[in-house]
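Me: Could you take a close look at one part of this model for me, the way its helices pack, and then show me how that part sits among the strands and the rest of the chain?

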Amino acid sequence: MSTTAARELAIDVHGLNKHFGDKHVVADLSMQVRRGEIFGFLGPNGSGKTTSIRLMCGLLTPDAGSGSCLGYDIRRESEQIKRRVGYMTQKFSYWDDLTIRENLDFVARLYEMPERRRVVDGALERLGLAARAHQLTGALSGGWKQRLALAACMLHKPELLLLDEPTAGVDPTARRDFWEELHRLAAEGISVLVSTHYMDEAERCHKLAYIAYGKLLAQGTAEDVVRAQQLTTFAVRGEGLAELTTALRGQPGVEQTVAFGAVLHVTGRDAPLLEATLKRFATGDGLRIERVDTSLEDVFIHLMNRATDNYAAGA
Ligand SMILES: Nc1ncnc2c1ncn2[C@@H]1O[C@H](COP(=O)(O)OP(=O)(O)OP(=O)(O)O)[C@@H](O)[C@H]1O
Ligand SMILES: [Mg+2]
């Protein structure tokens, strides 16, 4: 338990595999999350994020592979893990017909916590819920429900938070507040593994992993992830971008086109070929072409397209 790795790594798993029937949902997942780090987990719907989170904290048993969470074995010590981890499930799982305080009190009872009143008061205060303590949970907006869920999974002072799409459907202001809270917690030494579909949230993580079809395709800092794909991107602005998009499809060097409002990103691995093609097709008077940094979103789209192609080829 007192190995250096256990002290430094909140999550350390190797070769995790999980099947549901004949579906290979998690394939050879190896991942490390350092203590005090906010680690983002990205990937399309059904790629295995929730299943991976459940494997990593011992809620599900892998078919193969091993690992530890907070230094405890994920196969044999799930009880110890449970006591030290706060898990915010993807689906809001509190009682609509209880007040905020009653919901928190219920959770405190589940964890058999002493001094429940004090603990619940502290949680209400910290997350700015005190004034709403007597409101019925069912009447809360998405942002307040998500605060309640965070307060509930923090009650027992976990060392690691597993947050499964905690901000889905929450407005930008509430999401920003939520992320500020996550950064405060990380600064206090709490580790966070958070799944998300939002690019701005991905950029706020210390490290990221991208999975598709159960396979981890990239991991590291946002910069590492972008650099590793060695993509070149040109931004095209001006008239006729929809026609240009159609014309570029399947042309040499063009691997993807993504419209960002009034800008079209054209991306590929072979920079000279891509540039030559663009010069041939983007000839309209009003069109401006410039080379730009490939964004995290360009990279994720690229990874997903490639994974889809590989999956189709292998199926
Ligand atoms: N208990 C289960 N029994 C059978 N299949 C399951 C079970 N749980 C998940 N799956 C399947 O495993 C795959 C991965 O699901 P998972 O929920 O882990 O993906 P996800 O990345 O969390 O997706 P989302 O972004 O939609 O939350 C999906 O095809 C899903 O249908
Ligand atoms: Mg999920």
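**Helix packing around α4**

Reply: Happy to. Helix α4, residues 100-110, packs with helix α5, residues 116-126, at an angle of about 130°, and their axes are 10 Å apart. That angle makes α4 oblique to α5, since the oblique class takes in angles above 115 degrees that are not over 145. The crossing of these two helices is right-handed. Please keep in mind throughout that this is a predicted model.

On the α4 side, the residues that meet α5 are Ile100, Arg101, Leu104, Asp105, Ala108 and Arg109. Their counterparts in α5 are Arg116, Arg117, Val120, Asp121 and Leu124. Sorted by character, the contact of α4 with α5 has six charged residues, five nonpolar ones and no polar ones.

Helix α4 has another partner, helix α6, which spans residues 142-154. Here the axes come within 9 Å and cross at roughly 25°. The two helices are therefore roughly parallel to each other, because angles under 35 degrees fall in that class. As α4 passes α6, the crossing is right-handed. From α4, Ile100, Asn103, Leu104 and Val107 take part, and they meet Leu148, Ala151 and Ala152 in α6. This contact divides into six nonpolar residues, one polar and no charged. Ile100 and Leu104 appear in the α4 list for α5, and they appear again in the one for α6.

Now for the strands. Six of them form an open sheet with mixed pairing, in the order β6-β7-β8-β3-β9-β10. Its edges are β6 (85-88) and β10 (215-220), each of which pairs on one side only. On average, neighbouring strands in this sheet are turned by 15° against each other, ignoring direction. Within the sheet, β7 (residues 160-164) and β8 (residues 191-195) run parallel and are joined by five bridges. One detail to find in the viewer is Asp164, whose bridge partner in β8 is Ser195.

Two helices lie across strands of this sheet. Helix α2, residues 49-56, lies across β3 (38-42), β6, β7, β8 and β9 (207-212), and runs at about 140° to β3. Helix α7, residues 172-187, lies across β3, β6, β7 and β8, at about 135° to β3.

Earlier in the chain, β1 (residues 9-20) and β2 (residues 23-34) run antiparallel, with eight bridges between them. They form a hairpin with two residues in between, and Gly21 in that turn has a positive phi of about 60°. Phe20 stands opposite Lys23 in β2.

To place all this in the whole protein, the domain assignment gives domain 1 as 3-226 and domain 2 as 232-293. The C-alpha centres of these domains lie 39 Å apart.

A further helix pair is worth setting beside α4 and α5. Helix α10 (residues 241-248) packs with helix α11 (residues 271-281) at an angle of about 130°, with the axes 11 Å apart. That makes α10 oblique to α11, and their crossing is right-handed. Leu244, Ala247 and Leu248 of α10 make the contact with Thr277, Leu278 and Phe281 of α11. The residues here divide into five nonpolar, one polar and no charged, whereas the contact of α4 with α5 includes six charged residues.

Methods: Residues are numbered from 1 along each chain as its sequence is written. Chains are lettered from A and ligands numbered from 1 in the order in which they are written. This is a predicted model: local features need pLDDT of at least 70, side-chain atom pairs count only at pLDDT 80 or more; totals for chains, interfaces and linings use all residues. Side-chain values use heavy atoms; hydrogens and water are left out. Axes are lines fitted to C-alpha atoms, for helices over the stretch in contact, and angles run from 0 to 180 degrees between N-to-C directions. Helices (H or I, at least four residues) and strands (E, at least two) are DSSP runs, numbered from the N terminus. Angles under 35 degrees count as roughly parallel, over 145 as roughly antiparallel, 65 to 115 as roughly perpendicular and the rest as oblique. A crossing is left-handed if the near helix is turned anticlockwise from the far one by less than a right angle, and right-handed if clockwise. Contact means heavy atoms within 4.5 Å. Ala, Val, Leu, Ile, Met, Phe, Trp, Tyr, Cys and Pro count as nonpolar, Asp, Glu, Lys and Arg as charged, and the others, Gly among them, as polar. Domain bounds come from an automatic or database domain assignment. Two strands pair if DSSP finds at least two bridges between them.
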